[in-house]
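Me: Could you walk me through the packing in this one? I'd like the cut-offs along with the answers.

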Amino acid sequence: MNHKYKMLTLPKGIVKNREGTLGDLLLVVDMQNAYLEGQVWACTSTSIVTDNIIKIIEARAVENVIFTRYIAPKNPVGTWIEYNKQYKEINENIWLNELVERLKPYVEYYPCYDKSVYSSYGNEEVARLCSMADRVIIAGVMAECCVLATIQDGIDAGDKIVYLMDACSGGSKEYEEITKKIVEYHSPRCTELMTTSQFIESKKF
C-alpha cells in the first residue's frame, strides 16, 4: 500500500480491514453493454468474464470492489476530438454505456466511477482507493486497451497488480495474448498473473 493520497472518507461499500488497508481490491474495468458479444465493441468472452467477476465477489475472495465505466469526454481535446466524432452514435447510446445487467446489483452496494480516458486511474478517486489496497485485482475489458492502460498506471503508481487472465477479455484472442505477455514482463516485481480459480483458492485459509 502506498500513501500518495490522503486517507479521506471511504465511499459506500468500502471498508478497511484490521490492518487499516483495503486489503485485496477488485477493480472491475468498463464492463459495459458495448463490449458484450455481438455488440459494437464486442470482446471475445465478456459473458465468461462476467461469470468470473461474480464468482470472485460471491466467494468473498476480495475485501472490497469498485467498478468503472468509460464515458466519452464532454470537452475533448487533441485526438479525443476525432474519437468523439468517430464513435458519436455509441457514445450517445445510453444502453451501450450502461454496465451489463448481471453486474448492476453489485453497484447498488459497491461504488462505480466514470472516467473519460482509457485508464481507470484517470479517475482520482479510483487512484486513491487503489493506493490504499494491498493488491489491486484487475478484471474487465478491453484487455489491450482500458485494462492494459489501467495496469500500466497502477504500476507507475506503485500499486501491486494481480491480472486475472480469464476475467479480462479483449477484441481478439491475439490481443489477449499480447496483453498477457506485457503483464508477464512486469512479473513478479509489479504484477502477478492468475486465473479466477487460482485466485479464489489462494484466498482460502
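Reply: Sure, ring pairs first: rings of Phe, Tyr and Trp (its six-membered ring) pair if their centres lie within 6.5 Å, and planes under 30 degrees apart count as stacked, over 60 as edge-to-face and the rest as tilted. The model is predicted, so local features need pLDDT of at least 70 and side-chain atom pairs pLDDT 80 or more, while totals for chains, interfaces and linings use all residues. Numbering runs from 1 along each chain as its sequence is written, and side-chain values use heavy atoms, without hydrogens or water.

Me: How many aromatic pairs does a search of the whole structure find?

Reply: Ring pairs link Tyr35, Trp41, Tyr70, Trp80, Tyr83, Tyr87 and Tyr118 into a cluster. Tyrosine 109 and tyrosine 110 also form a pair, edge-to-face, at 4.8 Å centre to centre and 85 degrees between the planes. The search of the whole structure finds 8 aromatic pairs.

Me: How many residues apart in sequence are the parts that tryptophan 41 and tyrosine 87 tie together?

Reply: Their pair is edge-to-face, with 5.3 Å centre to centre and 75 degrees between the planes. Tryptophan 41 is buried at 15% relative accessible area, where buried means under 20%, exposed over 50% and partly exposed in between (1.4 Å probe, protein chains only). Tyrosine 87 is partly exposed at 23%. Tryptophan 41 sits in the loop between S1 and H1 and tyrosine 87 in the loop between H2 and helix H3 (88-91), so the parts tied together are 46 residues apart.

Me: Which element gives the largest share of the largest nonpolar core?

Reply: A nonpolar core is a set of buried Ala, Val, Leu, Ile, Met, Phe, Trp, Tyr and Cys residues joined through side-chain atoms within 4.5 Å. The largest one has 39 residues, and Leu26, Ile53 and Phe67 touch the most other members. Elements supplying at least two residues each include strand S1 (24-29), helix H1 (46-58) and strand S2 (64-70), with helices (H or I, at least four residues) and strands (E, at least two) being DSSP runs numbered from the N terminus. The largest share, 5 residues, comes from H1.

Me: Is H7 roughly parallel or roughly antiparallel to H8?

Reply: Axes are lines fitted to C-alpha atoms, for helices over the stretch in contact, with angles from 0 to 180 degrees between N-to-C directions. The axes of H7 (residues 143-156) and H8 (residues 173-185) come within 10 Å and cross at roughly 10 degrees. Angles under 35 degrees count as roughly parallel, over 145 as roughly antiparallel, 65 to 115 as roughly perpendicular and the rest as oblique. That makes H7, relative to H8, roughly parallel.
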